Amino acid sequence: ESDIVLEGQYKDAYDAMLDAHNAGLYAGLIGPVGAGKTALCRKFARDLNRPFEWVTFSDLVRPANLVGSFDPTLVFKFGYAPEAFVPGPFTLAALRGGVFLANELNRGDEHVLNTMLDALEERRLYIPALRSWYRVSPDFYLIAAMNPVENRGTRRLSSAIRDRIKVWIRLEYPNRATELKIVSQHCGEYALAPAQLERVLELVAETRTDPAVDAPASLRSS
């Protein structure tokens, strides 16, 4: 996996995340879809040598998608026992000391988000299916990522969730020079002349400023 272009706003955000981590504070990233939030978090976890888990929240995500559930085929063999339980990504990160990205946090249902509260505050996780509490690893770390509140489909976060995320960092789409480096680094097999690359980025930039465009082009689109 190629390293991201860590300069400008991405370097500032990375440094702020590292400061928050070292201070024992959870961090949140606020920015539009496709601004590079997930890639930045993945690099952050890799540099810390921690497992990386994530969930993108929506109305379809339920507590079991975070914590885990029984596998019916294993239940047939073991019954409703721990051997038949398949942990979800939040459980894996919490118990193994990983970095968990709560992506698009403000699209999640409050009841679902509350599943994470005890792990964030009390450093313990209740797994309803197993009817047991588990100690959260001291290496566990959460990063939230959100779209700007004016985006459609977003919700206002509850005070309980907001109180547990102390450091908020804003990201925008990168400037032209940084985006050019990112595109050039990740699309080497589709080498284009500089003038063609500039035209691509001009078209992409138009989608991000034209009010008639519902879904602006992301870095991946570039």
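Begin by selecting G97: this glycine comes directly after helix α5 and has a positive phi, near 75°. The model on display is a predicted one, and G97 serves here as the entry point to the tour.

**Helix α5**

Step back from G97 and select residues 89–96, which form helix α5. This helix lies across the strands β2, β5 and β8, and its direction runs at about 150° to that of β2. Is α5 largely enclosed or largely open? Six of its eight residues are buried, so the helix is largely enclosed by the rest of the structure. To see them individually, colour P89, F90, T91, L92, A93 and A94, the buried residues of α5.

**The whole protein**

Now zoom out to the full chain. The protein has 222 residues, 44% of which count as buried. It contains 10 helices and nine strands. Measured out along its principal axes, the C-alpha trace spans about 65 × 40 × 35 Å. If contacts are displayed, consider those between residues at least 6 apart in sequence: 72% of them join residues at least 24 apart.

**The five-stranded sheet**

Next, select the strands of the open sheet, whose order is β2-β5-β8-β1-β9 with parallel pairing. Which strands stand at the edges? They are β2, residues 52–56, and β9, residues 165–170; each has a single partner strand, so one side of each is left without a neighbour in the sheet. On average, neighbouring strands are turned by 20° against each other, direction ignored.

Within the sheet, select β5 (residues 99–103) together with β8 (residues 141–146). These two strands run parallel and are joined by five bridges. For one of the pairings, label L101 and look across to I143, its bridge partner in β8. Helix α2 packs on this sheet, touching β1 (26–30), β2, β5 and β8. The direction of α2 makes about 155° with that of β2.

**The largest pocket**

Keep α2 in view and turn to the largest pocket, which holds about 730 Å³ of space. Its lining consists of 29 residues; select G34, G36, A39, L219 and R220 to find those nearest the centre. Two elements give two or more residues to this lining, namely α2 (37–47) and α9 (176–186). The largest share, seven residues, comes from α2. Colouring the lining by class will show 13 nonpolar, nine polar and seven charged residues.

**W168 on strand β9**

Return to the sheet and select W168, which lies in strand β9. How accessible is W168? Its relative accessibility is 33%, so it counts as partly exposed. Leaving aside residues up to four places away in sequence, W168 touches G28, L29, I30, A144, M146 and L157. For a sense of scale, draw a distance from W168 to K43: the two residues are 125 apart along the chain, and their C-alpha atoms are separated by 18 Å.

**The hairpin of β6 and β7**

Move on to residues 124–127, strand β6, and residues 132–135, strand β7. They pair in the antiparallel sense over four bridges. Label Y126 and find W133 standing opposite it in β7. The two strands form a hairpin with four residues between them.

Most residues other than glycine have a negative phi. Two arginines at this hairpin are worth selecting in that light.

- R131 is found in the loop between β6 and β7. Its phi is positive, near 50°. At 71% relative accessibility, R131 counts as exposed.
- R123 lies in the loop between α7 (117–121) and β6. Its phi is near 60°, again a positive value in a residue other than glycine. R123 has a relative accessible area of 24% and is therefore partly exposed.

Why does R131 count as exposed while R123 is only partly so? Exposed means over 50% relative accessible area, and partly exposed covers the range between 20% and that value. R131 stands at 71%, whereas R123 stands at 24%.

The tour ends at this hairpin.

Methods:
Residues numbered from 1 in each chain as written. Predicted model: local features only at pLDDT ≥ 70, side-chain atom pairs only at ≥ 80, totals over all residues. Heavy atoms only, no water. 1 Å grid on protein atoms, 1.4 Å probe; cavity = no way out; pocket = protein on both sides within 12 Å on 5 of 7 lines; lining within 4 Å. Points joined across faces, edges and corners; volume = space filled by probe spheres on them. Nonpolar A, V, L, I, M, F, W, Y, C, P; charged D, E, K, R; others polar. Pairing = 2+ DSSP bridges. Axes fitted to C-alpha atoms, helices over the stretch in contact; angles between N-to-C directions. Contact = heavy atoms within 4.5 Å. Buried < 20%, exposed > 50% of the residue type's maximum accessible area, 1.4 Å probe, protein only.
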